Amino acid sequence: MRFDTVIIGGGLAGMACGIRLAEAGLRCAIISQGQSAIHFSSGSFDLLGRMPDGTPVTDPLAGIAALETAEPGHPYAVIGAEACERYARQVPRLLREAGIPVTGECRQNHFRVTPMGKAVPTWLTIDGYLTAAEPGKLSFKTVCIVNVEGFLDFYPEFIAEEFRKYGVTCRFGTVNCPALEEIRRNPSEMRSANIARVFDHDQNLEALAAAIREASAGCDAAILPAIIGINRNDAFQALKGMVEMPLYLLATLPPSIPGIKAQQLLQRRFRALGGEYFLGDTVLRAEVHQQRVQRLFTANHGNITFEADHFVLASGSFFSRGLVATPDRIVEPVFGADTLHVPSRDDWYTTHFFDRQNYQAFGVRTDRSLHVVREGNAIENLYCAGAGLAGFHPIQDGCGAGVSLLSALFVADRISNSKPL
């Protein structure tokens, strides 16, 4: 099979790169093993929340500019502050055109509220999810935190404990309806995606609205876990109209509805633009000749190979096995790319879970154009984008989604603007 570009990985970076290339009129394929880290999304997309020394970031673009000097190996520094700003301003349009409505500014972080009720800086948040302009300042004084009976991935008491620190009075409500009884018989089935399918039906959504109205009478607002809207885009707006009071969603523990929905919508947008999406397939190996990738071999297609002018490695980090740890080194399994990591395994991590772990910054070595480097030489038609890049701490620095999105658009532009090979 022949394409202009083949992308390995169907997560946030792979999808964003594929959409941009398809918008440019290139014939593009994405090969994806299955679920990606986007399924763990909180409903927000971070750009830069903290500097590497822990300093909070108010203006992400100013922080990115500072990284060019402070952390020259950071993907943002490699892309360059000017290009990062350009791509950051393009991302909201890309998401909205895929059907993901987001709010936020790349010059001013706002604060998303986590599943545990804490306020964390972020860049873009999907409409309907609870946010604050600054930590400790919510838009209500009394709130009803509503949960579905038997749903264990949402913690109203923990949320209320945080809200009380902000001077917010919290009440609790419980929702039940006959349609939930089938999945409640097995506690392992009481997960957000299964519950959301119940509330895709109008009669169940109406029952949910009635229960929220009753539980939250006299409150300024109500909060509901993200348990609606998996298969219908209008579910939240319809519910808000029925409740007739301010209503906000909070992401649950993963897998999360906003992440699953975002993945579905990005796939749909990519396919609508003519992209071909190969789900459930694994790239086994590649043929590379004279610093150029010739073709890929996958598990599902046997001797039918994937050939292209350009290839993008967006297979992620350890979570998705885009990187593999052996006893003494970090391996990129498809191309045998060079990786950046500290030599001694004893220095890869500390025993304190919340420390800034060195292994989180391990990744694929690239040149300044994000070409993948193998045996010291850049592969001319192979780029890396997303979580597999080296040089950044996605969680501690609050930049995982931003690096994925901005590196994806950078790589897509490099491919789109290149001369045919």
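Here's a quick briefing on the cysteines, one helix pair and the salt bridges in this structure. Keep in mind that the model is predicted. The short version: there are 0 disulfides, helices H4 and H11 cross at roughly 100°, and the salt bridge count is 22.

**Cysteines**

- A disulfide is a covalent bond between the sulfur atoms of two cysteines, and the count here comes to 0.
- Cys-17 isn't in a disulfide: its nearest cysteine sulfur belongs to Cys-28 and sits 6.6 Å away, while the cut-off is 2.5 Å.
- Cys-17 is also buried, with a relative accessible area of 0%.
- Cys-177 has its closest cysteine sulfur in Cys-144, and at 17 Å that's too far for a bond.
- Like the previous example, Cys-177 is buried, this time with a relative accessible area of 7%.

**Helices H4 and H11**

- Helix H4 covers residues 81–97 and helix H11 covers residues 400–416; their axes come within 9 Å.
- With a crossing angle of roughly 100°, H4 and H11 are roughly perpendicular to each other.
- On the H4 side, the contact uses Cys-84, Tyr-87, Ala-88, Gln-90, Val-91 and Leu-94.
- Facing them from H11 are Leu-405, Leu-406, Leu-409, Phe-410 and Asp-413.
- Sorted by type, the residues in this H4–H11 contact are 9 nonpolar, 1 polar and 1 charged.

**Salt bridges**

- Side chains of opposite charge can pair when their charged atoms come close, and this model has 22 salt bridges.
- Asp-413, which is part of the H11 contact with H4, also forms a salt bridge with Arg-20, at 3.3 Å from N to O.
- Arg-20 lies in helix H1 (residues 12–23) and Asp-413 in helix H11, so this pair ties together parts that are 393 residues apart in sequence.
- Arg-20 counts as buried, at 10% relative accessibility.
- Arg-232 and Asp-234 make another salt bridge, with their closest N and O atoms 2.8 Å apart.
- In that pair, Arg-232 counts as buried at 16% relative accessibility, whereas Asp-234 is partly exposed at 40%.
- Arg-292 and Glu-380 also meet through their side chains, at 3.9 Å from N to O.
- Arg-292 is in strand E15 (residues 292–298) and Glu-380 in strand E22 (residues 377–384), so their bridge links parts 88 residues apart in sequence.
- Both partners are partly exposed: Arg-292 has a relative accessible area of 22% and Glu-380 one of 46%.
- Shared partners join Arg-20, Glu-23, Arg-93, Glu-97, Arg-269 and Asp-413 into one salt-bridge network.

Key. Residues are numbered from 1 along each chain as its sequence is written. This is a predicted model: local features need pLDDT of at least 70, side-chain atom pairs count only at pLDDT 80 or more; totals for chains, interfaces and linings use all residues. Side-chain values use heavy atoms; hydrogens and water are left out. Buried means under 20% relative accessible area, exposed over 50%, partly exposed in between (1.4 Å probe, protein chains only). Axes are lines fitted to C-alpha atoms, for helices over the stretch in contact, and angles run from 0 to 180 degrees between N-to-C directions. Helices (H or I, at least four residues) and strands (E, at least two) are DSSP runs, numbered from the N terminus. Angles under 35 degrees count as roughly parallel, over 145 as roughly antiparallel, 65 to 115 as roughly perpendicular and the rest as oblique. Contact means heavy atoms within 4.5 Å. Ala, Val, Leu, Ile, Met, Phe, Trp, Tyr, Cys and Pro count as nonpolar, Asp, Glu, Lys and Arg as charged, and the others, Gly among them, as polar. A salt bridge is a side-chain nitrogen of Lys or Arg within 4 Å of a carboxyl oxygen of Asp or Glu.
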